[in-house]
Amino acid sequence: MEISFLNDLNDSQRLAVEYTDGPSLVIAGAGSGKTRVLTYKIAYLLKTGLAPSSILALTFTNKAAREMKGRIGAIVGERIARYLWMGTFHSIFSRILRNDADRIGYTKNFTIYDTSDSNSLIKSIVKELKLDEKQYKHGLVHSRISFAKNNLITPEAYLANHDMMTADVNSRVPMISEIYKIYCIRCKKADAMDFDDLLLHTNILFRNHVDVLQKYQQAFSYILVDEYQDTNFAQYLIVKKLAEQHERICVVGDDAQSIYSFRGANIDNILKFKNAYQHTKIFKLEQNYRSTKTIVNAANSLIDKNKAQIPKTIFSEKDTGELIKVLSVFNDLEEGVIVANHISDLRNKENFSYQQIAILYRTNAQSRVHEEALRKKGIPYRIYGGLSFYQRKEIKDVIAYCRLICNPNDEEALKRIINYPTRGIGDTTVNKLIECAQLHAVSAWEVMSDMLRYNLAVNAGTANKLAQFRNMVNVFSEQVTTQNAYDLVTGVVKVTGVISDTFVDKSPENISKRENVEELLKAIFEFSDTRQKSKEPTLLPDFLSEVSLLTDQDTDKESDTDKVTMMTVHAAKGLEFRAVFIVGMEEDLFPSPYTVSNERELEEERRLFYVAITRAEELCFISYAKSRFRNGKINFSNPSRFIKDINSEYLDSPKEKEFEPRQSRFGNWDEDMDMERNIFGQQDYSKPKPVEPFAPRILKRLVKFEGSNDEKTVTTNGSIPADAFVKHATFGIGKVVKTYIDNGNEKAEIDFGEKGIKSLLLKFAKLEVIE
DNA sequence: TGACCGCGTCTTTTT
DNA sequence: GACGCGGTCA
């Protein structure tokens with residue numbers, strides 16, 4: 001079969017694309033056209049007659065999936081590409097889990113707990129068990145639980161696992177197995193899964209229900225996995241099971257770029273792939289199309305120092321290019337200034353645009369000095385990382401309402417908003433509620449639904465407040481299956497008071513909060529809109545299941561504007577820039593001091609540096625400072641050991657004696673740097689940074705919440721709009737179903753949720769319309 | 001219940 | 001230096 005697009009590939013790429021009979025491993029060096037191979041391979045499979053719905057392609061980010069889908073669409077047509085099973089492990093398998101959720105004791109609408117939900121739950125369990133919270137830090141406990149789940153160790157298996165148990169005893173946290181057990185029970189009671197559960201429960205589903213496994217084994221006749229070096233055991237096993245029959249599977253990755261072991265990724269998956277699949281064909285993509293010879297060779301000489309790796313020879317046929325320039329600076333402030341100067345030279349003298357330049361660092365905290373230096377020189381920049389849109393408090397609050405409405409058993413959502421905005425239900429009450437729920441082995445919501453039966457020990461006033469809150473949620477819950485997500489959530493933010501809470505004063509924080517909520521509604525509208533066009537469901541649970549797996553990487557903003565990129569090295573994986581500045585190359589920073597005692601972890605740090613260098617197409621700068629302001633004090637340190645790992649023939653290093661006299665064009669450094677600090681110090685860092693607008697900005701603003709909150713209620717004198725939310729003195733909050741004239745009197749039929757649908761005479765019923 | 005203060009901690013983070 | 005957390009007080 002002659003397929004013309006294959007002519008775009010080199011020989012090794014083409015071989016990798018065309019081999020589809022059995023298992024294959026594609027070792028794709030940095031810049032070797034990995035994405036191209038994957039997309040062409042899928043296009044090739046489609047052209048050879050495979051149905052798109054029989055191809056499963058797993059990626060590590062939503063963004064990667066989306067981009068690849070777009071590229072494939074460009075080759076084979078969007079209408080075909082749409083039916084590919086392409087997405088992250090988590091999104092694909094959450095979809096599969098929802099289909100058969102009842103088989104493993106969940107409902108279709110199960111909640112996905114994010115990291116902070118998990119941590120919050122762990123904290124409350126530690127408290128309930130009366131354990132020392134300093135000893136059982138939520139971060140530590142969570143990472144142990146996460147590790148267990150990623151390795152498919154259930155709570156029972158954990159107890160029986162000698163290694164895990166002795167490790168816990170030795171670390172003086174012997175109760176982790178108990179916390180883990182309770183954590184799982186609580187998640188299940190809340191109809192919630194955390195990120196790791198999505199993989200663990202997929203394995204459980206496949207193990208316990210062979211018919212389900214077989215269904216998907218037959219459905220997927222070819223499986224592709226991207227970034228295979230970053231998969232964990234749970235992911236390995238899912239793939240292994242699905243591919244068991246036909247072994248038509250292709251995994252792509254680069255062991256030299258495995259940098260996520262701290263999240264459970266196991267590099268052995270790629271190193272030992274051929275043991276797992278016996279007749280594996282290995283393809284190596286060794287030509288780097290991205291970088292100059294110097295950069296490729298320098299990176300090779302670095303990664304050579306690692307022991308565990310698949311042998312390969314990455315080469316470039318581009319120009320030799322410039323040496324990697326090593327910048328030795330006095331301190332962090334000078335580093336900022338010098339990098340900024342270089343950037344402005346590149347732009348003014350070397351014809352670089354800002355967006356072709358990146359500053360990469362090991363830790364987010366390092367961004368500050370560079371930010372300041374660039375700002376002072378008027379260089380535009382964009383910092384990636386930090387708080388994502390969906391992690392902002394006001395957004396999480398609204399999402400928590402949504403979650404609770406769709407799944408009232410969601411305990412973390414309940415805790416979050418039961419007293420936000422303030423409605424007189426304090427910690428004491430919440431604790432009583434949860435204790436009572438534990439006592440009767442039911443969810444907190446169940447207790448709230450029948451407080452008398454569970455004998456909840458609160459006074460009448462509190463009970464009334466709880467009932468009011470419950471009724472409000474119920475009114476919304478009833479509409480989950482009938483209202484589209486956008487209309488429903490618009491009602492939610494009005495009625496719950498989330499929006500009026502932002503009108504209490506005119507502070508910039510409140511204004512930005514309100515704008516963010518509006519942006520969220522816009523995102524929900526876009527979701528409903530696009531879904532509607534393709535005739536897919538537009539209900540709130542559909543939106544939630546999607547949004548819980550989104551990260552800020554997916555809301556890529558203003559990519560068309562010309563700005564310098566600043567991000568951690570981790571975040572830069574997969575990207576490329578004409579010029580790259582790798583800053584803070586010091587001992588105690590890069591490699592991270594947490595890793596140097598462990599050879600395996602140190603090798604991962606070296607790979608991280610390898611990733612950083614190989615982002616550069618033409619120019620690479622490495623800087624290190626003799627002193628750095630960190631954790632509130634000045635730290636002195638030496639150049640990173642990794643700089644010595646690079647063959648010196650590729651480096652343009654400073655001569656040692658340049659260090660000695662602290663002279664510079666500014667005169668005495670110490671004084672000048674103090675002065676600089678004072679200048680910086682005058683700026684008010686305490687003010688919140690301007691809030692990044694949430695993209696994509698496609699649609700015009702849909703809703704704008706106007707006005708002050710003191711006029712939010714209107715006593716009706718006759719007409720109220722249908723669909724309005726109203727408040728009644730006895731029945732609480734309800735929704736107007738319809739209004740009509742009866743015997744010459746205006747009446748309204750109002751749905752008060754649990755209290756039923758009531759027909760009320762408008763001239764008697766003192767209704768407040770909630771705007 | 002919420003505002004405020006002092007203390008301890010501080011990596012990376014595709015989901 | 002900055003943030004999150006827990007404790008205290010109005």
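Which residues surround DNA strand C, and which are the closest? Seven residues surround the strand, and the closest are Lys123, Glu133, Phe629, Asn631 and Gly632. The views below come from a predicted model.

**View 1. Residues around DNA strand C.** Lys123, Glu133, Phe629, Asn631 and Gly632 are the closest of the seven residues that surround DNA strand C. Of the atoms of DNA strand C that come within 4 Å of the protein, 36% belong to sugar and phosphate. Sorted by class, the protein surface near the strand consists of three charged, two polar and two nonpolar residues.

**View 2. Side chains at phosphate oxygens of DNA strand C.** The side chain of Lys123 has an N or O atom 3.0 Å from a phosphate oxygen of DNA strand C. Glu133 also places a polar side-chain atom 3.0 Å from a phosphate oxygen of DNA strand C.

**View 3. Asn631 at a base of DNA strand C.** Here the contact involves the backbone of Asn631. One of its N or O atoms is 3.3 Å from a base oxygen of the strand.

**View 4. Cys406 and Cys402.** The structure holds zero disulfides. Cys406 is in no disulfide, and its nearest cysteine sulfur, that of Cys402, is 6.8 Å away. That pair does not count as a disulfide because the sulfur atoms would have to lie within 2.5 Å. Cys406 has a relative accessibility of 15%, so Cys406 counts as buried.

**View 5. Cys250.** The relative accessibility of Cys250 is 1%, and Cys250 therefore counts as buried. The cut-off for buried is under 20% relative accessible area.

Notes:
Residues are numbered from 1 along each chain as its sequence is written. Chains are lettered from A and ligands numbered from 1 in the order in which they are written. This is a predicted model: local features need pLDDT of at least 70, side-chain atom pairs count only at pLDDT 80 or more; totals for chains, interfaces and linings use all residues. Side-chain values use heavy atoms; hydrogens and water are left out. A residue is near a molecule or strand if one of its heavy atoms lies within 4 Å of it. A polar contact is a pair of N or O atoms within 3.5 Å; within protein, one must be able to donate a hydrogen and the other to accept it, and residues adjacent in sequence count only if both atoms are side-chain atoms. Ala, Val, Leu, Ile, Met, Phe, Trp, Tyr, Cys and Pro count as nonpolar, Asp, Glu, Lys and Arg as charged, and the others, Gly among them, as polar. Buried means under 20% relative accessible area, exposed over 50%, partly exposed in between (1.4 Å probe, protein chains only).
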